[in-house]
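Visitor: I have a chain up on the screen and would like to go through it piece by piece. Can you walk me through it?

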Amino acid sequence: HRHLLELLRRTTVHGESNSALIIGPRGAGKTALLNNVLKDLREMKQVRENLLENPFLSGLLQTSDKVALKEITRQLQLENVVGDKVFGSFAENLAFLLEALRKGTRSSSCPILFVLDEFDLFVHHKNQTLLYNLFDISQSAQTPVTVIGLTCRQDILELLEKRVKSRFSHRQIYLMNSFDFKQYMKIFKKQLSLPAEFPDETFAHKWNNNVQHLSEDKAVQDVLQKLFHHTKDLRSLHLLLMLAVSAVTAQHPLLSAADLQEASRQHSTDAKANIVHGLSVLEICLIIAMKHLNEVYDGEPFNFQMVYNEFQKFIQRKAHSMYNFEKPVVMKAFEHLLQLELVQPLERPSARAQREFLLLRLLLDSRQIMDALQLYPNCPTDVKQWAASSLSWL
């Protein structure tokens with residue numbers, strides 16, 4: 001906090017440009033740290049005299065440099081200044097925006113903090129032009145600019161091009177969820193407990209006593225331990241507690257261990273496996289064919305023609321309950337799986353590419369498929385047997 005605050009203070013007060021990355025797992029508090037530093041920064045007297053512009057970009061939303069530049073223009077409120085001007089390059093456009101914010105000398109120029117959330121996604125932009133230009137400006141002595149990236153990727157520096165890396169300051173701030181299970185239990189109690197100023201004192205006392213008993217319950221501890229080992233992200237804990245608290249009613253005013261166990265079951269349901277429950281038997285068969293191809297070719301990519309051939313083998317040798325569909329019908333079912341994102345193409349298909357030979361990858365593993373089949377309503381026995389069979393029947 002102290003390190004980041006000093007970094008941004010020097011940008012705002014002394015016009016020093018810089019760049020830094022805040023790295024840590026999801027839920028470690030990267031955004032909370034930055035927001036806290038910005039809040040403290042704005043309370044400083046020197047900073048208030050030299051207002052900090054703060055464009056915020058997210059790799060999930062600004063998926064290309066063009067979109068990012070439009071968003072920077074909008075957030076800096078420079079749409080009128082840009083107007084219908086045509087720029088020769090990205091760098092020229094960005095330089096014009098920063099020039100428009102200048103108020104004279106470097107020390108009185110408007111300091112700008114660029115925040116790039118999901119920083120690793122900006123790395124995949126064409127030629128990393130946005131990152132190159134931002135880091136390049138943060139090294140020049142013209143406009144005071146600091147670039148802060150937030151990312152979960154520990155190997156982020158390996159993903160940067162050489163020219164981008166050479167312009168980055170290599171300042172890295174690492175955050176970790178370092179609390180143990182004992183502290184996790186304290187957080188659990190604190191999140192669930194009602195505050196002292198709660199209007200109904202009697203109910204608050206009852207509720208808080210119940211929370212204390214829950215924290216000592218072995219079943220509750222097992223639920224929380226399972227979640228703790230899966231992820232220390234406190235947002236996951238909040239979601240679990242929200243699901244549990246939504247079971248509270250006037251007739252059932254206090255939480256029970258069973259509520260938390262049910263919430264844990266809902267919380268850990270596999271979304272992709274749930275999609276499988278709504279598929280047709282033909283689509284299930286195609287997924288099983290892909291599962292067998294993954295086993296035969298050890299996870300190598302496949303194409304529709306290979307899946308169709310595998311399905312035909314099953315129809316001819318094993319299936320008694322399955323109708324042999326025409327190839328266009330099978331193709332339509334396969335395209336539905338693509339739309340549901342259960343299957344993913346390795347690269348964006350071109351208009352002229354033959355769909356049958358497009359390389360694909362299945363986004364379900366064997367365990368997910370087998371678990372989903374157990375719960376699939378009225379699944380034909382020979383289809384289940386085919387899914388469970390080893391490679392020996394081929």
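Visitor: Which strands does helix α2 lie across, and at about what angle does it run to β4?
Guide: Keep in mind that this is a predicted model. Helix α2 covers residues 30-42 and lies across β1, β3 and β4. Taken against β4, its direction comes out at about 150°.

Visitor: What is the strand order in the open sheet?
Guide: There are 5 strands in it, and the pairing is parallel. From one strand to the next, the twist averages 15°. Reading across, the order is β2-β3-β4-β1-β5.

Visitor: Which are the edge strands of that sheet?
Guide: Look for strands that pair on one side only. That description fits the strand at 56-58 and the one at 172-174. Those are β2 and β5.

Visitor: Which strands does helix α1 touch?
Guide: Helix α1, residues 2-14, packs on the sheet, and its direction makes about 150° with that of β4. The strands touched by α1 are β1, β3, β4 and β5.

Visitor: How many residues of β4 are buried?
Guide: Start with the side chains: V145, V147, G149 and T151 point one way, while T146, I148 and L150 point the other way. Both sets are buried, which for this purpose means under 20% relative accessible area. So β4 is largely enclosed by the rest of the structure, the buried count being 7 of the 7 residues.

Visitor: How many bridges join β1 to β4?
Guide: The two strands run parallel. One pair to click on is A20 with its bridge partner in β4, I148. In total, the number of bridges joining β1 to β4 is 6.

Visitor: And on the β3 side, which residue of β4 stands opposite L116?
Guide: β3 and β4 run parallel, joined by 5 bridges. L116 is also the bridge partner of L57, and β2 is joined to β3 by 3 bridges. Over in β4, the residue opposite L116 is G149.

Visitor: Let's leave the sheet. How many of the residues of α8 are buried?
Guide: The buried set includes T129, L130, L131 and Y132, and further along F135, I137 and S138. That leaves α8 mostly covered, with a buried count of 9 of its 11 residues.

Visitor: Is I137 buried or exposed?
Guide: I137 lies in helix α8. Leaving aside residues up to four places away in sequence, I137 touches S17, L94, L98, T143 and V145. Its relative accessibility is 14%, and since the cut-off for buried is under 20%, I137 counts as buried.

Visitor: How far is I137 from E92 in space, C-alpha to C-alpha?
Guide: Along the sequence, I137 and E92 are 45 residues apart. In space, their C-alpha separation is 12 Å.

Visitor: What does N93 touch, not counting residues up to four places away in sequence?
Guide: N93 lies in helix α6, residues 90-100. With a relative accessible area of 15%, N93 falls under the 20% cut-off and is therefore buried. Its contacts outside that sequence window are L69 and F87.

Visitor: I see a positive phi at Q128 and another at E341. Which of these two is exposed?
Guide: Neither residue is a glycine: Q128 has a phi of about 50°, and E341 has one of about 60°. Q128 is in the loop between α7 and α8 and is buried at 4% relative accessible area. E341 is in the loop between α19 and β6. With 54% relative accessibility, against a cut-off of over 50%, the one that counts as exposed is E341.

Visitor: Are α18 and α21 parallel or oblique to each other?
Guide: Their axes come within 12 Å and cross at roughly 125°. Because that angle lies between 115 and 145 degrees, the two helices are oblique.

Visitor: What residues of α21 meet α18?
Guide: The crossing of these helices is right-handed. By class, their contact has 4 nonpolar, no polar and 2 charged residues. From α18 come E310, F311 and F314, and the α21 residues they meet are D382, V383 and W386.

Notes. Residues are numbered from 1 along each chain as its sequence is written. This is a predicted model: local features need pLDDT of at least 70, side-chain atom pairs count only at pLDDT 80 or more; totals for chains, interfaces and linings use all residues. Side-chain values use heavy atoms; hydrogens and water are left out. Helices (H or I, at least four residues) and strands (E, at least two) are DSSP runs, numbered from the N terminus. Buried means under 20% relative accessible area, exposed over 50%, partly exposed in between (1.4 Å probe, protein chains only). Axes are lines fitted to C-alpha atoms, for helices over the stretch in contact, and angles run from 0 to 180 degrees between N-to-C directions. Angles under 35 degrees count as roughly parallel, over 145 as roughly antiparallel, 65 to 115 as roughly perpendicular and the rest as oblique. A crossing is left-handed if the near helix is turned anticlockwise from the far one by less than a right angle, and right-handed if clockwise. Contact means heavy atoms within 4.5 Å. Ala, Val, Leu, Ile, Met, Phe, Trp, Tyr, Cys and Pro count as nonpolar, Asp, Glu, Lys and Arg as charged, and the others, Gly among them, as polar. Two strands pair if DSSP finds at least two bridges between them.
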